[in-house]
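User: Hello! I am new to this structure and would like a close look at one part of it, the empty spaces. Could you walk me through them?

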Amino acid sequence: MELSDLQDIARKERESQKPIRVRCCTAAGCLSSQGQAVKSALDEAVAANGLEDRVQVIGVGCMGLCSEGPLVQVDPAGTLYERVEPRQCASIVAALDGGDADANVGDTTRPFFTRQVAVVLENSGRIDPERIESYIAADGYHALHTVLHDMTPAQVVETIIAAGLRGRGGAGYPTGLKWATVAKTEADRKFVVVNADEGDPGAFMDRSVLESDPHRILEGMAIAAYAVGASQGYVYVRGEYPLAISRLQTAIRQARRMGLLGTQVFESPFNFRVDIRIGAGAFVCGEETALIRSIEGHRGVPRPRPPYPAASGLFGCPTLINNVETYANIAPILRKGAEWFASIGTEKSKGTKVFALAGKITNTGLIEVPMGTPLRTIVEEMGGGVPDGGTVKAVQTGGPSGGCIPQSALDTPVDYESLAQVGSIMGSGGMIVMDEQDNMVEVARFFMEFCMDESCGKCVPCRAGTVQIHRLLTKIRDRRATDEDLATLRTLCEMVKQTSLCGLGQSAPNPVLSTLRYFPEDYRALIGAPSEPSANGAAPRTA
């Protein structure tokens with residue numbers, strides 16, 4: 001395929017658009033609330049009214065506000081309908097000609113929408129994720145063509161370094177530096193891998209990107225492969241994401257058919273093949289050495305580093321591993337330039353970050369904001385705060401590897417360094433809000449139970465330490481603990497954190513340590529003489 005062919009596809013796709021477009025969310029969240037039935041009802045209503053020549057119903061990816069789904073939006077008017085039921089679709093179509101829609105109209109001027117800056121999610125909810133032509137019409141694969149014909153691999157790496165992009169999987173390692181390390185390593189075979197093993201409780205950013213814009217990930221992978229000298233890529237995605245897997249498979253087939261993957265991509269000497277590997281859902285396989293073992297067909301357990309995957313990874317070859325959101329940033333950086341990307345965010349944390357808002361919050365869903373946005377803006381303005389006038393008690397960031405940030409620290413800017421200073425981490429972007437009804441001992445126990453169950457058992461500190469920490473938290477929760485137990489809990493958390501083999505064990509104590517730091521009253525209230533058990537056997541709340 002030549003550039004002129006790509007431009008011709010984009011032109012035809014734009015010209016085929018009808019004057020009125022009705023976008024219906026068909027991502028997993030809305031599909032679980034009759035999203036597909038809503039789309040079918042819209043199609044039937046358009047046909048019944050003979051409007052096929054000027055009205056087009058499009059199934060799109062996530063439109064962000066998951067708590068109000070299924071969502072339907074009409075272009076170019078911009079009218080947003082929330083919690084749409086199939087029976088309301090006839091009236092929505094009738095409203096296109098001046099009738100009244102029997103459906104709830106959403107406010108698109110609320111901060112949830114207006115405070116967002118879409119880079120990763122710029123196509124999400126706007127294009128049809130199952131049609132490559134829809135992606136190409138949104139400038140898709142243009143960056144890949146530019147890279148292959150106008151840039152050297154070294155120039156691509158330099159651009160990513162200049163952009164200041166850091167890995168969005170949680171650790172925040174400089175992406176360009178990782179690419180440069182793989183690029184300079186001499187080897188006959190190299191690999192690029194997408195870490196789509198999103199397993200944090202409350203996190204669904206990567207799943208949504210894969211469901212909504214799968215070609216964006218393939219384009220980012222291909223650019224990365226060209227930059228580091230790889231010819232084979234793998235998408236490692238957990239089996240709990242069937243829709244994401246299906247749309248990825250479709251996207252790969254379409255890209256191969258058009259010559260955008262495979263041999264001599266864009267009539268260049270560059271060859272690149274992508275395959276999918278489906279994980280069984282082990283949280284530890286989000287750790288890159290465990291992920292590599294799983295792709296190789298072994299049990300997914302981590303190994304000590306060095307050597308790092310950049311030097312010796314998949315099948316002993318240099319391997320570049322980035323997560324979904326990291327790859328989703330690549331094409332925009334190449335299209336708009338490193339300087340544009342570096343102008344967003346803070347001095348050390350460039351660009352935007354996608355967060356999954358969940359828990360005790362009015363607006364549940366996906367948002368994308370510039371790095372450095374205060375946590376209070378995200379939770380109280382965009383998220384709408386706690387429903388029914390409740391008060392935020394804490395915000396958990398980073399999933400089971402992160403920490404609980406108290407209400408008093410809500411003005412903390414969301415960037416890698418600031419979150420570390422308050423005892424938490426960015427993680428992959430999960431953000432769970434808790435209110436005054438939540439007991440932080442129970443919260444810490446929940447996350448520790450998750451880590452205990454997900455520990456691969458390879459190293460003793462993690463295997464045995466998480467079990468003992470969970471037992472101590474249970475003892476505290478049940479009012480059977482003493483001051484000595486509380487001291488032991490602190491010591492044990494530090495030991496597990498310092499001596500575990502991989503990130504799972506090293507970060508598992510974070511929720512415990514952060515709740516001990518910020519919510520000591522919740523622990524103190526449960527230390528001492530046992531109280532009378534409640535009727536159902538559960539421990540009484542203390543908050």
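What volume does the largest pocket have?

Analyst: Happy to help! The largest pocket has a volume of about 1,400 Å³. Its lining is made up of 49 residues, and those closest to the centre are Gly169, Gly170, Ala171, Gly286 and Glu287. Please keep in mind that this is a predicted model, so let us look at the confidence before going further.

The protein chain has an average pLDDT of 94, with 97% of the residues scoring at least 70. One stretch to treat with care is residues 532-543, where the pLDDT is below 50. In the model, that stretch has 13 contacts beyond near neighbours in sequence.

Now back to the largest pocket and the elements around it. Helices α9 (175-184), α18 (416-421) and α22 (503-507), together with strand β9 (319-323), each contribute at least two residues to its lining. The biggest contribution is from β9, which gives five residues. Sorted by class, the lining of the largest pocket holds 18 nonpolar, 21 polar and ten charged residues.

Next comes the second largest pocket, which offers about 460 Å³ of space. Here 19 residues form the lining, and the closest to the centre are Met63, Gln73, Phe113, Ser124 and Arg126. Two elements, β3 (72-75) and α5 (111-114), give two or more residues each to this lining. In terms of class, the second largest pocket is lined by eight nonpolar, seven polar and four charged residues.

One of those central residues, Arg126, leads us to Val60. The two are 66 residues apart in sequence, yet their C-alpha atoms are 6.0 Å apart in space. Val60 belongs to strand β2 (residues 55-60), and it counts as buried because its relative accessibility is 0%. Setting aside neighbours within four places in sequence, Val60 is in contact with Arg126 and also with Arg23, Cys24, Cys25, Thr26, Ala27, Gly125, Ile127 and Pro129.

Strand β2 also belongs to an open sheet of five strands, ordered β2-β1-β3-β4-β5 with mixed pairing. Both β2 and β5 (104-105) are edge strands with a single partner strand each, so one side of each has no neighbour in the sheet. Further in, β1 (residues 20-25) and β3 run antiparallel and are joined by four bridges. Within this sheet, Cys24 sits opposite Val72 of β3.

Finally, let us turn to the cavities. Rolling a probe the size of a water molecule over the atoms shows where empty space is left. The structure has two cavities of 30 Å³ or more. The largest cavity has a volume of about 70 Å³. Of its 13 lining residues, Pro302, Cys456, Cys459, Cys462 and Cys502 are the closest to its centre. That lining consists of eight nonpolar residues, four polar ones and one charged.

The second largest cavity has a volume of about 40 Å³. Its lining is formed by Cys25, Ala27, Ala28, Gly29, Cys30, Cys62, Cys66 and Arg207. Two of these names may be familiar, as Cys25 and Ala27 are also among the contacts of Val60. Helix α2 (residues 28-31) provides the largest share of the lining of the second largest cavity, with three residues. By class, this lining splits into six nonpolar, one polar and one charged.

Methods. Residues numbered from 1 in each chain as written. Predicted model: local features only at pLDDT ≥ 70, side-chain atom pairs only at ≥ 80, totals over all residues. Heavy atoms only, no water. 1 Å grid on protein atoms, 1.4 Å probe; cavity = no way out; pocket = protein on both sides within 12 Å on 5 of 7 lines; lining within 4 Å. Points joined across faces, edges and corners; volume = space filled by probe spheres on them. Nonpolar A, V, L, I, M, F, W, Y, C, P; charged D, E, K, R; others polar. pLDDT = per-residue confidence, 0-100. Contact = heavy atoms within 4.5 Å. Buried < 20%, exposed > 50% of the residue type's maximum accessible area, 1.4 Å probe, protein only. Pairing = 2+ DSSP bridges.
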